[in-house]
Structures are given as structure tokens and as C-alpha cells.
2 protein chains.
Amino acid sequence: MTNTDASFPPERKRGSGVKVVYELLRDEILDLVLPPGSPIDELQLAERFKMSRTPIREALVRLAGEGLIDTLPNRSTMVANIDFLNMHTFFDALVLMYRVTTKLAAQYHRPEDIVIIRAHQARFAAAAEAQDALAMIATNAALHSAIADAGRNPYFTGLFNRLLDEGRRILRLYYQSYGDRLPKQFVDEHEDMIAAIAARDAEAADRLAKAHAEQIVKQIQTFFSRNERIDIAL
Amino acid sequence: MTNTDASFPPERKRGSGVKVVYELLRDEILDLVLPPGSPIDELQLAERFKMSRTPIREALVRLAGEGLIDTLPNRSTMVANIDFLNMHTFFDALVLMYRVTTKLAAQYHRPEDIVIIRAHQARFAAAAEAQDALAMIATNAALHSAIADAGRNPYFTGLFNRLLDEGRRILRLYYQSYGDRLPKQFVDEHEDMIAAIAARDAEAADRLAKAHAEQIVKQIQTFFSRNERIDIAL
DNA sequence: TGTATTTTATTTGTCGACAAAAAATCGACA
DNA sequence: TGTCGATTTTTTGTCGACAAATAAAATACA
């Protein structure tokens, strides 16, 4: 080990800076640590990560490309708002992608995919058992992302992952307010879906995914209809 | 007019630089002026556009986010290749998005949308009449993008526009090689689709879009099956 | 002549600084 | 005291330069 002097800068590897900033900022946005509308200060971030504004800006450009932050020209950039008015477009897209990716997984998966999927499902079940809302949100997204991967269509997985990200923000809001009452039935529904995928039953996979997705959507919708105040809060 | 001295730099407006580079580079990639695999040199671009590397790099980061260029860490960046091996995933996604966006347009369009759509269709018809392959490719993408806009689902339009972009590259290859023989029937098919949309007949819109999309896919597939050499060329 | 190793050149990632644009502050005037 | 306009401050977009990483060239050696 060279550089025994602890006062030296952490000496990040060249090129790793952007990735670190991008991923951490992304997580903070999706977990609502940075709530929608939060201003993003480049100088502040540069100071925080001990690097110049250049890599910070590159990370921000990427996040903007994914729609996670909004950038006003020559002016402030902030965490993208959740568009409650057009929530139905999100639900439409989510339901369709749930169906398509699950169906394709049933058709095109390989044996090793099932192992990965089951591992994610186990993690989700553990989170549900522990009543850990945050872990449930994260593991649920990871599970469905893994299912989509097994379908092997990068165009669908790309959109689906974006939707799951946006969903993480919405679900976060959902659970935060409702005091972590968690529907255990999702575990069983996941089991049925995985069984259909493993059996290569595309029709059943599609049907189960549709029911699963629509039920999630329904729960969130009833939640929001009971909490109009949220419209004002943002 | 100030700045009568022609030797002065063009004096671009602050912030417009990235946009210019991004859009021009994008068009060149989609029109195969920059063929897949072309190396992209930042210095060269900086010189060409008379600006520093910083805005160039920002444009490249955006293009990379859309998958139009591939960036090797610390090494060269090049125009993304067309993935002929997994072309079917592209077709699957394209057909589905054709259907969904057209159906949503039939359901959610407003009267003014139809005006815009018909204007695009007129341009497409003119291009087809003139046997202008390049114009046909561009106006076809613009028409379907306009239809998708009328459906008002940003998630679907986002993916669809990406697919149409990738389709522009593929069609460009198609027409280039086949000496600009252009199927006029697309004009009629478009007319039928627009009529179904205007009549708010979602079922018909879906059916017509499916047939339209599958026919395009079929044509491209038979083309590629007759030209295996392309696999080698890339 | 062919291969390994050092040297040079090219290109990328990062930095600090400056200039333009917008917002925030201050001050004149009613 | 309130409003409009000028001034200062903050923040963004761009620049030129430098250093790390890689590729290319040159050299040494068998």
C-alpha cells in the first residue's frame, strides 16, 4: 500500500466518480430522501463528494435523461415531481409491461433464470414477513426486474425498469402514510406467477401478471382517492 | 444587427450548443451518415462545432443514454451497432407499441390532434409519390410519433420514439440496398388507421395498427433473410 | 526476423476559473 | 410604506489546461 498518509484525498479511481454520484443520487431520489421538487445544487454536491462540478454535471445529465430530475435552462435543477394528475398513464404502462415481461419470461426463460427469480422471491417473502416496507418495495422491484430479464427483450426491460423506479417513489409514499400495513397476499401471487413461468405457460403467466398488476394499481388508487391532500402537498 | 464583423465567432446563445450538437449528431446517426461502429472523436467534434469539449461531452452522454452510441470507459466511443441477432426483440416491441399507441390515440385524441396527424400523412403521401425514400422514412416516423402523442401516454411515446429512431436506421439500410422500391400501400393503410382513430374506434385502430406493423416487419424480415451478407458487414 | 519492453503519442476524465444569465438585494422616488 | 429600477450575488454553461489511462511506436534483445 502506497499513500499511507491518511490526510490524502480518498483517491477514487479515474472514471468511477460519475457512477458513484449517479447511483447514490438515484437511490436518494427513489427512496424519497430527496423528495420531489428538492433543489439540486451542483456546488453543494461537488463539495459533498469531494470532486469538481464536471462529473457531478454528467451524473445529472444522465438522471435528467431518465426523467428523475428536471433541468430548467440556465436555472435551477430539481428532483422531478410525481405527476398525480396523469397517474393513469403510469398505471396503464405498468400493467401492460407487467403482462408483457411476465409472458415473455414464460416463453424465453432459461433454467438458471428461475434460480435467480426464486432467490429474489425469497428475499421479498422475508421482507414481507418482517413487515419491512422499504425492503418490500426494493425486493419487489428487483423480483419483477429479474422476471423481465428472463424475457430477454431490452426494449421492454428498459421501459419496465423505469416504471418500477417511478413505482418505488409512489409506493414509498403509499407505505409511509399508511403506517406499513403490508399485503401479504403478494407473496402468494408471486408464487403463482413464478410457477406459471417455470411451466412455460405463457397464457397463465399473462393472466396472473394482469391480475397482480391490476390489484396493486387498485390499492394505490383507492389510497390516493382517500388522500386528496397529497395533491396540495405537491 | 450588432456584430457586423464577419470574422467574429458565430456567438451562439449560451446553452444552445449542446442542443445543436446533440440533434445534428443524432440525425447523422439515424440517417447512417455516421454508420454503426463509426468512431466518435471529441476533439474533432469540438473543432467542427467551434466549441470546447465540455458541451460535446454532454451531448454524447445524452446520446449514450438513448443507446445511440456506446462508450468504452477510458477508451473510444462509437456509434452503436445494429443488433441483427436479436432483431426479433425489436420487432416484438415495435408491433406492440404500434398497437398500443394507435389504440390510445383512438381513445384519447382531441380534434386538433387529427389536424396534425393528417398534415403528417399528407407529407408522407407526397414523399411516397415522389419516390423519396429518405423523406418517406422520416415522415413515416413523424406520423406515427404524432399518433402516439395523441394517445397522451409519455411512457409509451418515450419507448415508441426510441423504437422509431432505431427503425429509421434499419429502414435506411433496407431502402439503400433495395434501390428505393417503395410500397405505396402504406399510404392507404395509414388512411385507414387515421379514419379509425378519428372515429374513436379503438378496436379497429388496434387491428389496423397490428396488421400495418406486422406487414412492415415481414417485409424487413424477408429482406434480411435474402441478404445474409449484412451480418458479416457488421 | 520476431518478440518483449520501454518510450512516445493520443485520448479521456477531471479540475479550477471565468463569463453569461437569472434571482436576490438594495436604493431611489413617490 | 410600496413600487420600480439599478446593483450585487448566486448559479449555470463554457473554456483551456492538466493528469491518468490506453494505444501506438520505437527500441532492445534473442
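Helices, as named here, are DSSP runs of H or I with at least four residues, numbered from the N terminus. The model is predicted.

**Exercise 1.** Find which helices supply the surface near DNA strand C, and which gives the most.

*Solution.* Start from the cut-off: a residue is near a strand if one of its heavy atoms lies within 4 Å of it. Of the 19 residues around DNA strand C, those that come nearest are R14(A), S52(A), R75(A), R53(B) and R57(B). Next, look for elements with at least two residues in this surface, which are α1 (16–30) and α3 (53–65) of chain A, together with α2 (42–48) and α3 (53–65) of chain B. Of these, α3(A) gives the most, with 3 residues. Finally, sorting the surface by class yields 5 nonpolar, 6 polar and 8 charged residues.

**Exercise 2.** Determine which parts of DNA strand C lie close to polar atoms of S52(A), N74(B) and R14(B).

*Solution.* Take the backbone first: an N or O atom of the S52(A) backbone lies 2.6 Å from a phosphate oxygen of the strand, and a polar backbone atom of N74(B) is 3.4 Å from a phosphate oxygen. Then turn to the side chain of R14(B), where an N or O atom is 3.4 Å from a base nitrogen of DNA strand C.

**Exercise 3.** Work out which partners on DNA strand D are reached by R57(A), G15(B) and T54(B).

*Solution.* A polar side-chain atom of R57(A) lies 2.8 Å from a phosphate oxygen of DNA strand D, while for G15(B) a backbone N or O atom lies 3.1 Å from a phosphate oxygen. The side chain of T54(B), by its N or O atom, is 3.5 Å from a base nitrogen.

Notes. Residues numbered from 1 in each chain as written. Chains lettered and ligands numbered in written order. Predicted model: local features only at pLDDT ≥ 70, side-chain atom pairs only at ≥ 80, totals over all residues. Heavy atoms only, no water. Polar contact = N/O pair within 3.5 Å; in protein donor to acceptor, adjacent residues only side chain to side chain. Nonpolar A, V, L, I, M, F, W, Y, C, P; charged D, E, K, R; others polar.
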